[in-house]
Amino acid sequence: MAVDIPAEVVQQEQVGPGLYRLSLYAPQITRSAVPGQFVYIRCTDNLDPLLRRPISIHGVNRGRGELFLLYQVVGKGTALLAGKRKGERLGVMGPLGRGFTLPAPGQRVVLVGGGIGVAPLVFLGQELVQRNNQVCLLVGARSAHQLPVGKEGYTAPFELAVATDDGSCGHHGPVTDLLEKILAGEGADMVYACGPRGMLRQTASLLARYDVPGEFSLEERMGCGVGACLSCVCKTAGKGGEPLQYRRVCVEGPVFPAEQLVWD
Amino acid sequence: MIKPNLAVDVAGIRMKNPVTTASGTFGFGSEYAPFVDLNRLGAIVVKGTTLLPRRGNPPPRIVETPAGILNAIGLQNPGVDHFIEVALPYLRQFDLPVIVNIAGDTVEDYAALAARLDGVPGVAGLEVNISCPNVKKGGLAFGADPDSAAAVVRAVKGATRLPVVVKLSPNVTSIVRLAEAVVEAGADALSMINTLLGMAIDIRRRRPALANVMGGLSGPAIRPVAVRAVWQVYQALKVPIVGMGGIVTAEDALEFIMAGATAVAVGTANFINPRATTDIIEGIERFLVEEGVSDIQELIGAAHMS
Ligand SMILES: Cc1cc2nc3c(=O)[nH]c(=O)nc-3n(C[C@H](O)[C@H](O)[C@H](O)COP(=O)(O)OP(=O)(O)OC[C@H]3O[C@@H](n4cnc5c(N)ncnc54)[C@H](O)[C@@H]3O)c2cc1C
Ligand SMILES: Cc1cc2nc3c(=O)[nH]c(=O)nc-3n(C[C@H](O)[C@H](O)[C@H](O)COP(=O)(O)O)c2cc1C
Ligand code: FES
């Protein structure tokens with residue numbers, strides 16, 4: 001069950017330009033957190049900025065009760081977050097939302113992360129490896145220094161490939177090129193993706209073309225984070241041929257089956 | 001000192017303390033149950049309900065502004081039948097008056113909703129939303145014109161025996177004129193304020209930040225406007241008022257009570273602090289003890305005494 005707790009900063013580490021990895025002591029959250037879920041963080045004690053900020057769960061150390069977040073500074077809230085130091089406390093609500101559905105053990109899965117969208121996929125990859133799934137993580141970024149994970153020296157318990165827009169690391173081009181190569185070649189049983197809308201849209205069309213199921217984690221502007229205000233909706237195809245409907249990213253998502261999403 | 005009395009009565013809706021939730025910010029209650037003991041609330045006002053399910057507006061539906069938010073939800077809700085069959089049975093397990101916020105496109109819609117909810121076990125009262133700025137028909141179209149507002153209220157009163165609270169908009173020249181018209185038409189209580197019509201531009205995209213273009217401003221930014229509205233209406237009319245608009249702390253809530261509100265509703269603050277309602281109840285009680293006030297009633301409209 002979700003809780004709202006004052007979580008202590010265990011470690012704040014800069015891992016790239018405007019990129020941070022934050023570790024929080026939050027055993028009440030790590031206990032039940034699953035990949036794809038997020039936390040809703042109060043970045044300040046005063047009213048500016050007013051709202052909390054949603055950040056995906058990037059990993060957990062259940063033994064130590066530590067929650068890991070990977071985030072990019074893009075505005076006021078994330079800048080305040082980056083200023084938090086060891087020992088400070090933050091209001092953290094979580095775990096929130098519906099996570100990824102896990103594939104059958106042994107299945108081959110591909111994870112596609114665009115930019116900071118890779119954050120929840122690392123948590124997912126770690127869990128899948130433990131379940132004896134064959135995991136390949138594809139990471140896309142504008143250039144080598146902006147890679148959130150996958151830089152030289154990065155070790156992961158799964159296969160990893162990188163694509164950059166400027167060719168400074170790995171494949172020169174969009175990360176979806178790497179996905180297409182896999183789908184056209186050895187194939188995959190399941191694809192999980194998180195990233196910018198354009199990347200997700202392209203991924204959706206590849207999944208349709210190669211007839212592979214997928215799940216995407218979405219981002220939308222939030223109010224309450226718990227399903228009460230209907231601020232955070234995305235457009236989905238209705239269940240069983242019903243008309244289009246708006247569904248709440250904070251509770252019905254952030255993870256949705258790829259084929260239910262409507263891209264307009 | 002003995003525990004001060006916090007209980008209030010809003011047109012027959014008996015509340016164990018003056019704190020309720022603002023419609024649309026607290027869902028149907030279950031969403032916040034992991035964080036708040038719903039039994040502790042004075043009452044709950046649920047999300048705006050319509051006769052048929054509503055899809056609502058396209059996203060983005062919310063944008064943060066200085067000390068506030070703009071929203072344009074467009075009354076997405078599963079419809080009154082779903083509310084009665086699914087949400088209400090859940091709420092009945094709590095010791096908690098349930099006030100149903102209703103909205104329609106036409107006077108007939110409001111009357112049909114009132115009739116549908118009349119006599120349904122677990123419903124303590126109706127809040128008539130004639131002040132939503134985010135829908136094309138209904139909403140503000142009724143709330144900005146005294147005659148139309150009165151017509152809605154008469155139709156609702158004619159269709160139900162439940163206490164009827166009418167929710168007023170600040171987007172009018174004189175909120176007192178609207179208040180007088182709806183009280184004349186039979187409103188048992190008034191709630192105020194709904195959101196202020198506003199807008200923001202995303203300068204990178206050179207487009208309005210909300211897909212709906214305009215939205216309703218709520219949060220601390222609107223509190224002084226709301227306190228003023230309560231003050232003016234209290235001065236003009238003898239009718240219970242549920243005050244709201246930017247309440248975050250017990251001190252904020254006490255401003256509304258001293259301006260003339262019998263009860264207060266907490267909205268946007270729930271998003272920041274899911275326990276805002278119960279924190280405010282505790283804060284009000286502490287204030288009464290500190291000030292040696294034995295009954296909250298003594299403070300209602302207290303700022304008006306010279
Ligand atoms: C479910 C979910 C998971 C996320 N996980 C991560 C993550 O792991 N790492 C990470 O770096 N970012 C993540 N984001 C995006 C992150 O929430 C935004 O970057 C952040 O809210 C920006 O706040 P700001 O004050 O710095 O920026 P500002 O642009 O100043 O924020 C202004 C307002 O817009 C909202 N907003 C801005 N960008 C986004 C966005 N992309 N999605 C939703 N709301 C936004 C803010 O919350 C705030 O209300 C996630 C978003 C969602 C919805
Ligand atoms: C996201 C959101 C949804 C709302 N939905 C409704 C609604 O359905 N019906 C209604 O009467 N008011 C609605 N309101 C208005 C609130 O009930 C309240 O009047 C307003 O937000 C001012 O209070 P606050 O500043 O404490 O939020 C909504 C407000 C917000 C922020
Ligand atoms: S943020 Fe309120 S419903 Fe999702």
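What follows is a chat between a visitor and a guide about a predicted model.

Visitor: What makes the pair B:R275 and A:D4 a salt bridge?

Guide: The closest N and O atoms of B:R275 and A:D4 are 3.1 Å apart. The cut-off is 4 Å between a side-chain nitrogen of Lys or Arg and a carboxyl oxygen of Asp or Glu, so the pair qualifies. Across the interface of chain B and chain A, the rule finds two salt bridges.

Visitor: And why is the pair A:R52 and A:D4 called a salt bridge?

Guide: Here the closest N and O atoms are 3.4 Å apart, and since the limit is 4 Å, this Arg and Asp pass too. The pair ties together distant parts of the chain: A:R52 sits in the loop between β3 (38–42) and β4 (53–56) of chain A, while A:D4 belongs to strand β1 (residues 3–16), 48 residues apart. Over all chains, the structure holds 20 salt bridges.

Visitor: Back to the interface. How do you know how much area chain B and chain A bury between them?

Guide: By the accessible area lost when the two are put together, summed over both, which means the figure of about 2500 Å² covers the two chains jointly. Of that, 65% is on carbon and sulfur atoms. The contact takes 31 residues from chain B and 30 residues from chain A.

Visitor: How many residue pairs are in polar contact across the interface of chain B and chain A?

Guide: Eight, with both residues at pLDDT 80 or more. On the side of chain B that touches chain A, β5 (62–65), β6 and α8 are the elements giving two or more residues. That side divides into 16 nonpolar, nine polar and six charged residues.

Visitor: Now the empty spaces. What makes the largest cavity a cavity?

Guide: A 1.4 Å probe fits there but cannot get out, so the space of about 480 Å³ is called a cavity. Its lining has 38 residues, and B:S23, B:T25, B:N71, B:N194 and B:T195 lie nearest the centre. In chain B, β6 (68–71), β16 (263–266) and α8 (269–272) each supply at least two residues of that lining. The lining of the largest cavity splits into 18 nonpolar, 18 polar and two charged residues.

Visitor: What is the lining of the second largest cavity like?

Guide: Nine nonpolar residues, one polar and one charged. B:T20 and B:E127 are among the lining residues; Thr falls in the polar class and Glu in the charged class, so B:T20 is the polar one and B:E127 the charged one. The second largest cavity has a volume of about 70 Å³, and β2 (13–15) and β15 (241–244) of chain B each give at least two residues to its lining.

Visitor: Why is the space of about 650 Å³ called a pocket?

Guide: Because a pocket is an open set of points, whereas a probe cannot get out of a cavity. This one is the second largest pocket. Among its 24 lining residues, A:R248, B:Q76, B:N77, B:P78 and B:H82 are the closest to its centre. Both chains take part: β15 (245–248) of chain A and α1 (80–92) of chain B each supply at least two lining residues.

Visitor: Last one: where do the backbone oddities sit?

Guide: The peptide bond from A:G94 to A:P95 is cis, with omega near -10 degrees, and A:P95 is in strand β7 (residues 89–96) of chain A. The bond from B:M192 to B:I193 is cis as well, with omega near 10 degrees; B:I193 is in the loop between β10 (189–192) and β11 (196–199) of chain B.

Conventions: Residues are numbered from 1 along each chain as its sequence is written. Chains are lettered from A and ligands numbered from 1 in the order in which they are written. Side-chain values use heavy atoms; hydrogens and water are left out. On a 1 Å grid over the protein atoms alone, a cavity is a set of points where a 1.4 Å probe fits but cannot get out, and a pocket is an open set with protein on both sides within 12 Å along at least five of seven lines; lining residues have an atom within 4 Å of a point. Grid points are joined across faces, edges and corners, and a volume is the space filled by probe spheres set on the points. Helices (H or I, at least four residues) and strands (E, at least two) are DSSP runs, numbered from the N terminus. Contact means heavy atoms within 4.5 Å. Buried area is the accessible area (1.4 Å probe) that two parts lose on being put together, summed over both. A polar contact is a pair of N or O atoms within 3.5 Å; within protein, one must be able to donate a hydrogen and the other to accept it, and residues adjacent in sequence count only if both atoms are side-chain atoms.
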